[in-house]
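Please work through the following exercises with the sequence and the model open side by side, and try each task before reading its solution.

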Amino acid sequence: MPGGRGWLGPLVVAALGGFLRFYRLDVPHALVFDELYYAKDAYSLIRFGVERQFADGADQVFARGGTDVFKACGTFEECGAYVAHPPLGKWLIGAGEWLFGTTPFGWRCAAALAGTLSVLVLARAARRMTRSALLGCLAGLLLALDGLHLVLSRSALLDVFLTFWVLAGFACLAADRDAARTRLTEWYRTSALHGPAPRLGLRPWRLAAGLCLGAATATKWTGVLFVVAFGIMTLVWDCGARRAIGLRRPYRQAARLDLPRGLAWLGAVPAVVYVASFAGWFASAGGWGRNWDRATSNGWAYFVFDSLRSLVDYQRQVFGFHQGLSTHHDSQSDPWTWPLLLRPVAFFYQSSRGTCGAPACSQEILGTGTPVIWYGGLLALLATVVWYARTRDWRAGAVLLAYAAAWLPWFYFALADDRTMYLFYALPAVPFMVLAIVLACGLVLGPPGTPAARRSTGAAVVGAFTLLALVNFWWLSPVLTAVPVPYDAWLSRMLRGWI
């Protein structure tokens, strides 16, 4: 589908995803789950450039729209707050508060926008990988209908921003793969094979991927897992592309011609983005561990190096905090249970009388995936493993690698550190689970030229699955978006282990 027509379907699906994410975004009018931290820290960033300590009772004041929430200290420097995550995601939340005020819509709108854009990016990436507008739109639709993605898109937490940047980085690398192979094909068509080995130019899509993956790491540290995984993936792609056109010593050529710039774009650039995300911390005397007075009193060179040393020491403290984070929480779960949705996260719950037309009403935001999509995704991932083992198809390999990078490292954290973890930590894996479903649907439909009877049967299977996902999402949506429902209706949606 050439030109702008290739954007029409993804934009329509993204519009649906946007409606689901922005409709009633200000409900509930309260700080839900970890909004207690991120919404207030975001406001501190747009006020002061750094996170500051809050006064007692700040949660209640802030939830009512008040802004007099900061602790009174003898000096500005004494009130720097120790925080456990980099600042970029909170800056994005703060942008919404700057535009729309310290209201539920204000602190959630950036997350809703990131979730909506994720639907668009996934639809376009799936279209590129499958060369099918239908499958691209299906990918976007399934992400739009996933409950966990919806809940995180309607909450001022960091995970939807991490997911968006990871997905955007992956999409940029898929575009870079196509561009590199096009360039190599052109070289093969027009050049002598015994001439100098071809270079692949500046590779702006790879640079864009480095910026996105840097933004992911500047949102949550787990972004670095994708920097490593995707860096290895693209080097393998480069070796395979050079080997595919018959070049001698493709691995040596890739190491000499592709690896240096790859390290710059996917190594140095993410590091620069990460450090740059602390610009407010560098520019302020009030950040935690800033050592401003000592750094500025010894000249600019000492200022630069001592500032970086202070930042490294700050990150060391954060690393220690994450290693020791083992406080019990009723909603915590182990990573091997996540694909089965055994323990969702209760973001918000409130009971009332008469608000839903029944004597007893329940209003909840439950952080869980849409079961039809997640269980279908589990089967699709198993099928993708078999498909990759038999064919070495690059699409299957890329999806499996990305899903593994988002999920498997948490096994180590659970077993080695006994760390407190939640189902929504799996959110970055969800787009790649959806891609596995879409690739499986492509196999079910069959390639172009498939007999009509086979094609019709495949279309019926894919259509039935999509309809089931839509119905399952519709049934579950009241407990994803805090719609007041009778207690019996709420209880009927609580699967075993969900309470």
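The exercises below concern a predicted model, and they go from the whole chain to single helices and then to one residue.

**Exercise 1. Work out whether the radius of gyration of the protein chain agrees or disagrees with that of a compact globule.**

Solution. Begin with the chain length of 499 residues, for which a compact globule would have a radius of gyration near 23 Å. The protein chain has 24 Å, which agrees with that expectation. Next, take the extent of the C-alpha trace, which spans about 75 × 70 × 45 Å along its principal axes. Finally, turn to the contacts: among those between residues at least 6 apart in sequence, 75% join residues at least 24 apart.

**Exercise 2. Describe the secondary structure, the burial and the surface of the protein chain.**

Solution. Counting the elements gives 20 helices and 3 strands. Of the 499 residues, 54% count as buried. The accessible surface comes to about 22,100 Å², and carbon and sulfur atoms account for 65% of that area. As for charge, there are 44 positive and 28 negative side chains, and the centres of these two sets lie 15 Å apart.

**Exercise 3. Compare the spans of helices H9 and H10 with the lengths expected at 1.5 Å a residue, and find what covers the buried residues of H9.**

Solution. H9 runs over residues 204-217, and its 14 residues reach 20 Å from the first C-alpha to the last, close to the 20 Å expected. For H10, the 22 residues should span 32 Å, and because the end C-alpha atoms are 31 Å apart, the two values agree. After H10 comes Gly246, whose phi is positive, near 85 degrees. Returning to H9, its buried residues include Arg206, Cys212, Leu213 and Thr217. The cover over the buried residues of H9 includes helix H4 (88-100), helix H8 (159-190), helix H10 (223-244) and helix H11 (250-276).

**Exercise 4. Place Val275 in its helix, decide whether it is buried, partly exposed or exposed, and list its contacts beyond four places in sequence.**

Solution. Val275 is located in helix H11. Its relative accessible area is 31%, and since buried means under 20% and exposed means over 50%, Val275 is classed as partly exposed. Once neighbours within four places in sequence are left aside, Val275 is in contact with Phe282, Leu308 and Leu311. Of these partners, Leu311 is 36 residues from Val275 along the chain, and the C-alpha atoms of Val275 and Leu311 are separated by 8.7 Å.

Note on methods
Residues numbered from 1 in each chain as written. Predicted model: local features only at pLDDT ≥ 70, side-chain atom pairs only at ≥ 80, totals over all residues. Heavy atoms only, no water. Helix = DSSP H or I, 4+ residues; strand = E, 2+ residues; numbered from the N terminus. Rg over C-alpha atoms; globule rule 2.2 N^0.38 Å. Buried < 20%, exposed > 50% of the residue type's maximum accessible area, 1.4 Å probe, protein only. Contact = heavy atoms within 4.5 Å. Areas by Shrake-Rupley, 256 points an atom, 1.4 Å probe, with all protein chains shown as cover. Lys, Arg positive; Asp, Glu negative; His and termini not counted. Charge placed at Lys NZ, Arg CZ, Asp CG, Glu CD. Expected span 1.5 Å × (residues − 1).
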